[in-house]
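Student: I've got a model open and want to go through its holes and its chain contacts. Can we take it step by step?

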Amino acid sequence: MAWETVIGLEIHAQLATRSKIFSGSATAFGAAPNAQANLVDLGYPGVLPVLNGAAVRMAVMFGLAIGARIAQRSVFARKNYFYPDLPKGYQISQYELPIVAGGQMDIVLEDGSAKRVGITRAHLEEDAGKSLHEGLPGQSGIDLNRAGTPLIEIVSEPDMRSAKEAVAYMKKVHTLVRYLRICDGNMQEGSFRCDANVSVRQVGSEKLGTRAEIKNINSFRFVEKAINYEVARQIEVLEGGGKVVQETRLYDPDRAETRSMRSKEEANDYRYFPDPDLLPVEIDNAYIEGIRAQLPELPDQKAQRFATQYGLSHYDALVLTASSELADYFEQVVQKLGGEPKLAANWVSGDLSGFLNRDGLEITHSRVDAAALAGLLARVRDNTISGKIAKDVFEAMWQDQQSADAIIAARGLQQITDDGPIEQAIAAVMAANPAQLADYRSGKDKLFGFFVGQVMKATQGKANPARLNELLKKLLSG
Amino acid sequence: MHSETVAQLQQGLRARKYSAVELTRALLARIESAQPALNAFISIESEAALAAAAVADQRLAAGDAPALTGVPIAHKDIFCAAGSRTTCGSKMLSNFISPYDSTVVARLRAAGAVVLGKTNMDEFAMGSSNETSHFGPVRNPWNLKLVPGGSSGGSAAAVAARLVPAATATDTGGSIRQPAALCGVTGLKPTYGRVSRYGMIAFASSLDQAGVLARTAEDVALLLKPMAGFDPRDSTSVECEVPDYQAALNQPLKGLRIGLLKEFFDQGLDPRIEALLRTALEQLRAQGATLTDVSLPNLPLSVPTYYVVAPAECSSNLARFDGVRFGHRCENPRDLKDLYERSRGEGFGAEVKRRIMTGTYVLSAGYYDAYYLKAQRVRALIAADFERAFSTVDVLIGPTTPTVAFEIGAKTNDPVTMYLNDIYTIGANLAGLPGVSIPCGLVDGLPAGLQIVGPHFSEARLLNVAHRYQQESDWHQRTPEAYR
């Protein structure tokens, strides 16, 4: 039996406002428990929420960036349930009238094919606090620093058909919110996380299968693993003649499996109703257009521009625009270098990205800045060093944070382009390897590479490869 | 001193007829001696009051004293006051010391008022008789067997017994106007959004509004002025200029168009109260007002509408009382569920539980449309009825309550009969309108109230009408014999 996977994601992105969505407390991560929880966050008797305008602005930015409708009137509602980390006994969210509805996101899959994912809605809400158990045997602690942090919940259509598509979509949303600077995207700190709704159905079936919702997944890798596990589990259930139960499940990364949290029967009745403490959010066209006019260049627009302006492949353009900081870095290199976009693209997406990954650094913390990399590439362009030597120089730059020129001069790495020294080196190699020379001259052309290697070794890699090839051919042939 | 109004006390204090400390001492003594019989107070704050009065005397001497400096008042125990116990009439908060000031408390303090204590009230303001208080019922100073009305029964009884010249109160479905009527004092519920709700413990957020109980309309005007106005901490407070209520009091009533609500003069109304109203209306007519009959066809639906909307909001507002961060916590909870169930089960009284259950039910999946949504639609119809009426009249006048004060215990076993006591007051809450109740006579020696309702932000006009009536009548000066 052939099965089709159907996935929809609910992404929670923490908005990068300085204060909370309904109180003046700071939102910074990592403060001592409850140091950033004021009376409003603690849900004290008599306190009232006041909406943070910055959060509304960010939600509108997101809506405009995904081509969605911005509601001129949206309403905050209370989602009622009891939990110790939910101080008021309800979460303020948006329900029937969200601020953003009906957008889309285009993703590119590994095979290069494109796909459009629909976004049903995006709404503003407050985050809950968290329970602490470590070091509190037999008790639970509550940290309400996170309570009231603004979130935008982005709900997709069930448009994705594989875990890879889901990851591509999630990455694209991640890229977008960081471009817009409305979310720091830090997944370890929980600033960007998702719930995945997963079901399977027989290929050809129109009807959606019963879904399971996997809660709170906070890495791209886990999303892929959790979905793949869940799909396999559901197919196994169905093929064994069973039924998938509608339920909430939790992904356990240590065991790489999903586990049931609660079934539909145990689900809360949240008793949503409009929050009478907050007026409906009313925004006019001028406000919306004012924000639209200030939107930065978006990832798709930038990738398109990179491809045309710099003559890059679509793939290279996508890689370089994966974050606006990386794209900015690339453009600075090209600018300082005064051209050579392909050379710059290869280095930025190649060696530079490799070193960043190896050291776990963001581009903004690169140990070689754009000006320094441009300085290195200038020496490649004017043949002072070869591409191969350049890799060593780059590593040295990364280590010592010195300029390319300083390293080249200090280590005498300038390329040898004059014929004389290269000819001398060739002659010495030929003299030292009479047998190979004889074989070559009797027709073993493959030994050419051997001689290249020996001369390079003798010149410590500094011989200009083009000159070396030419002179070697001439001299070997006798 | 205790028989003087706020306006008289302002003058007396400034003329140094008596000091704020003397005044405070005298009233504290009255409060202490009346407390066993009336139970009007939950907390008597003698020490803090005397300290505040001493500061008031300094300011009066220095000549930089704001309007209410030295004027003694009491706060309904629903208003959070920093460092003060704020119980909301509930066991749940019987030991809750508020770490912050409500806006009402802060503004009245800034205006110079001296707070003598916190008054008794129905638990979480849910009640019309003050019998649901965890701290015991308040008794009506006119007859100790009777209820003072509720939920602001402590504030109303304290003013009626001349323990304080004025007190703050709140009104969700009539909780200022109904006890004002039953205790023979003047009570104003302002327009929704006129006074900040910040720091006022919420019952039903879309209906709750803070106001004043005092002897005269003039005194209400004097307290309302500093209380009113936009508060950035309450999104539902309105940015609308606060007029000089006192300056508008004496405006002549000539040309005032009074609407008589057909629905208010119904079968449930005690005919003796109706007779008093007719007399009062004649008096207003004699001052130049015209009378017209008007009808608000949807108004009879206000009680059922209210008893869906208010419990729905209360069921959510009271969820924060879970024994986790403040308030009553049960002993030795076995687990989280036990902590919630026993803390709430022990902390809340029967009426509060009834409303939480009702509210939870009407918001539940499958019932929301039939109850909550429908109630909101009816609410909009009622508001539209009022708006239509105010296109032809300036104010609506009718009774505040269908009967005078009833006996303690008479209605406690029949919540629906109890709820019907608010039949004339609830409409103004649903429509967010201001309403004032003033004494308009005695039935069997017990006070009856006349209610004036006006358009949004017409407090100045309402107080003007009330004041002009009080200039020509003395019902508001009648004092229960034992408290003269």
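Tutor: Sure, starting with a term: a cavity here is a set of grid points where a 1.4 Å probe fits but cannot get out. Keep in mind that this is a predicted model.

Student: How many cavities of 30 Å³ or more does the structure hold?

Tutor: Count the closed spaces that reach that volume cut-off. The largest cavity comes to about 140 Å³, and the second largest to about 80 Å³. With the cut-off at 30 Å³, the count is 4.

Student: Which class gives the most residues to the lining of the largest cavity, nonpolar, polar or charged?

Tutor: That lining has 18 residues, and V40(A), D41(A), K88(A), E126(A) and G148(A) lie nearest the centre. Split by class, there are 5 charged, 2 polar and 11 nonpolar residues. The class you want is nonpolar.

Student: Now the interface: how much area do chain B and chain A bury between them?

Tutor: In terms of contacts, 38 residues of chain B touch 29 residues of chain A. Carbon and sulfur atoms carry 60% of the buried area. On the chain B side, S235(B), R320(B) and R325(B) lose the most, together 22% of what that side buries. The total for the two chains is about 2800 Å².

Student: Which side chains meet in a salt bridge between chain B and chain A?

Tutor: The rule finds 17 residue pairs in polar contact across this interface, while the salt bridge count is 1. Its N to O distance is 3.0 Å, inside the 4 Å cut-off. The partners are D277(A) and R197(B).

Definitions and conventions. Residues numbered from 1 in each chain as written. Chains lettered and ligands numbered in written order. Predicted model: local features only at pLDDT ≥ 70, side-chain atom pairs only at ≥ 80, totals over all residues. Heavy atoms only, no water. 1 Å grid on protein atoms, 1.4 Å probe; cavity = no way out; pocket = protein on both sides within 12 Å on 5 of 7 lines; lining within 4 Å. Points joined across faces, edges and corners; volume = space filled by probe spheres on them. Nonpolar A, V, L, I, M, F, W, Y, C, P; charged D, E, K, R; others polar. Contact = heavy atoms within 4.5 Å. Buried area = accessible area lost by both parts, 1.4 Å probe. Polar contact = N/O pair within 3.5 Å; in protein donor to acceptor, adjacent residues only side chain to side chain.
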